[in-house]
Amino acid sequence: MAKKWIALICTFLLLLLLSGCKTVRPDSGQADFPVLNAAEDENLSLPDGFFRVVFLDVGQGDCTLIISGEEAMLVDCGDTDTFVHVEEVLDRYGIERLRFFVATHDHSDHVGAAEKLIRTVRIDEIYHSALQISDEHSDYGAMFSAAQEKQIPSKAVSAGETFRLGESEVRVVAPSEYDDDRVNNSSVVLKISSGEFSVLIAADAERESEHEMCLLDEDLSADLLRVGHHGSASSTSYRFIRRVMPEYAVISVGAGNAYGHPSPAVLSRLSDCAATVYRTDVHGDIVFTVREDDLTVFAQTGEASFLPKQAVPTEEIYIGNRKSKIFHAPDCRNLPAETNRVFFSSAQEALLEGYSPCRGCNP
């Protein structure tokens with residue numbers, strides 16, 4: 001009898017703990033998620049087949065942990081100063097082995113800690129950008145040296161390639177080509193799909209890379225977008241965001257950074273697509289977990305930035321300059337003065353009216 005009462009009390013306490021955790025189905029359109037302490041997240045038991053995305057707070061840098069079934073992948077790893085936190089998170093989730101480490105490009109805020117990671121954690125394979133190593137003593141060069149020493153196979157990947165992570169499919173959607181003079185636009189961009197849920201990790205891809213992704217006619221739609229280049233105005237263009245149409249967006253950014261990230265223009269574009277925005281400088285680590293059809297969001301602190309919901313444009317809009325007869329994408333840096341603007345519903349319409357495309361934004 002006593003055992004029965006103990007079991008009932010334990011069940012009650014477990015239900016009480018989980019009552020603060022609200023789950024919604026990804027297709028419900030509901031965006032009112034709780035913000036819970038990460039310790040509560042650790043205590044949640046997960047059935048086989050779960051999918052988890054952890055955006056680590058590594059300051060003005062990037063690091064994303066993907067867990068699918070029994071396999072894990074790390075996309076970038078931040079700089080050396082924040083690697084201790086990367087170790088803490090891997091330990092929190094019991095990650096002793098990474099199926100893949102993806103180095104999106106050679107900037108220190110993404111791969112500064114790569115050498116430490118390789119020497120600390122067992123890694124099966126490394127995927128990376130095909131950018132040339134300009135300095136063997138750089139963070140990028142040190143990463144390859146450590147990988148060679150540890151005999152870890154590495155491979156440069158490009159758009160169109162796919163591979164499996166546990167029960168998920170990972171597709172490389174950029175870059176289609178590499179250019180050592182365009183480091184950000186040579187970033188590896190990944191789309192990870194698990195069942196009906198998908199996440200797009202945009203690394204530091206800027207407008208030019210986004211334009212190329214759109215031209216390749218890749219399926220860029222995703223429930224969750226890791227916003228490109230820390231929310232810089234040079235990324236997350238209107239054309240790109242209309243192709244992705246995320247319900248949720250995460251910006252990896254350092255508090256009080258000198259770059260002014262995230263840009264108000266990017267926040268406005270995310271507002272236009274009615275995305276719920278989380279930021280590492282406000283929320284710390286941000287965790288998305290999918291179990292069967294349920295999605296749960298956790299953050300270490302703060303509240304989600306619920307942006308005003310606005311109508312999503314249903315047609316493409318291009319802006320022409322009456323004087324120069326040049327037309328632009330709506331987020332071009334060289335838009336004409338308001339009095340000289342003329343609007344077109346498609347690029348074809350602008351061309352038929354005798355307007356030429358802007359060489360800067362390539363509308």
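Leucine 74 has plenty of company in this predicted model: leaving aside residues up to four places away in sequence, Leu74 touches Cys63, Thr64, Leu65, Val86, Leu98, Phe100, Phe101, Val102 and Leu117. Leucine 74 sits in β3, where it stands opposite leucine 65. That strand, residues 71–75, is mostly covered, with 4 of its 5 residues buried.

On one side, β3 is matched with β2 (residues 64–68), and the two run antiparallel over 5 bridges. Together they make a hairpin with 2 residues between the strands, and glycine 69 in the turn takes a positive phi of about 60 degrees. β3 also pairs with β4, this time in the parallel sense and over 3 bridges. Here valine 75 has valine 102 of β4 as its bridge partner. The link between these parallel strands involves helix α3 (residues 83–92), and β3, α3 and β4 make up a right-handed β-α-β unit.

Now for the packing. As a rule, nonpolar side chains in soluble globular proteins tend to be buried together. The largest nonpolar core in the model holds 35 residues, and Leu65, Leu74, Leu98, Phe101 and Leu117 are the ones with the most contacts inside it. Two or more residues each come from β2, β3, α3, β4, α5, β5 and α6. Helix α6 is the biggest giver, with 5 residues in this core. Apart from it lies another core, this one of 29 residues, including Phe51, Leu165, Phe197 and Val199.

Helix α6 itself spans residues 139–149, and its buried residues are Tyr140, Gly141, Ala142, Met143, Phe144, Ala146 and Ala147. These buried residues pack against β4 (97–103), α4 (108–111), α5 (114–120), β5 (122–128) and β6 (154–156). Just past the helix, glutamine 151 has a positive phi of about 60 degrees.

Serine 194 belongs to another strand, β9, which covers residues 189–194. With a relative accessible area of 12%, serine 194 falls under the 20% cut-off and therefore counts as buried. Beyond residues up to four places away in sequence, serine 194 touches Phe51 and Ser168.

What about the cysteines? The disulfide count comes to 0. Cysteine 77 is in no disulfide, its nearest cysteine sulfur being that of cysteine 63, 6.3 Å away. Cysteine 77 has a relative accessible area of 0%, so it is buried. Cysteine 332 is likewise in no disulfide, with the sulfur of cysteine 361 the nearest at 3.7 Å. Cysteine 332 also counts as buried, because its relative accessibility is 8%.

Finally, a word on confidence. The chain has a mean pLDDT of 82, and 81% of its residues reach 70 or more. Confidence bottoms out in helix α2 (residues 38–42), at a mean of 43, and is highest in strand β11 (residues 224–226), at 98. Over residues 1–46 the pLDDT stays under 50, and the model has 62 contacts beyond four places in sequence for this stretch. Residues 303–315 also have a pLDDT below 50, and the model gives them 33 contacts beyond near neighbours in sequence.

Definitions and conventions: Residues numbered from 1 in each chain as written. Predicted model: local features only at pLDDT ≥ 70, side-chain atom pairs only at ≥ 80, totals over all residues. Heavy atoms only, no water. Buried < 20%, exposed > 50% of the residue type's maximum accessible area, 1.4 Å probe, protein only. Contact = heavy atoms within 4.5 Å. Pairing = 2+ DSSP bridges. Right-handed = clockwise from strand over helix to strand, strands pointing away. Core = buried A, V, L, I, M, F, W, Y, C linked by side-chain atoms within 4.5 Å. pLDDT = per-residue confidence, 0-100. Disulfide = S-S within 2.5 Å.
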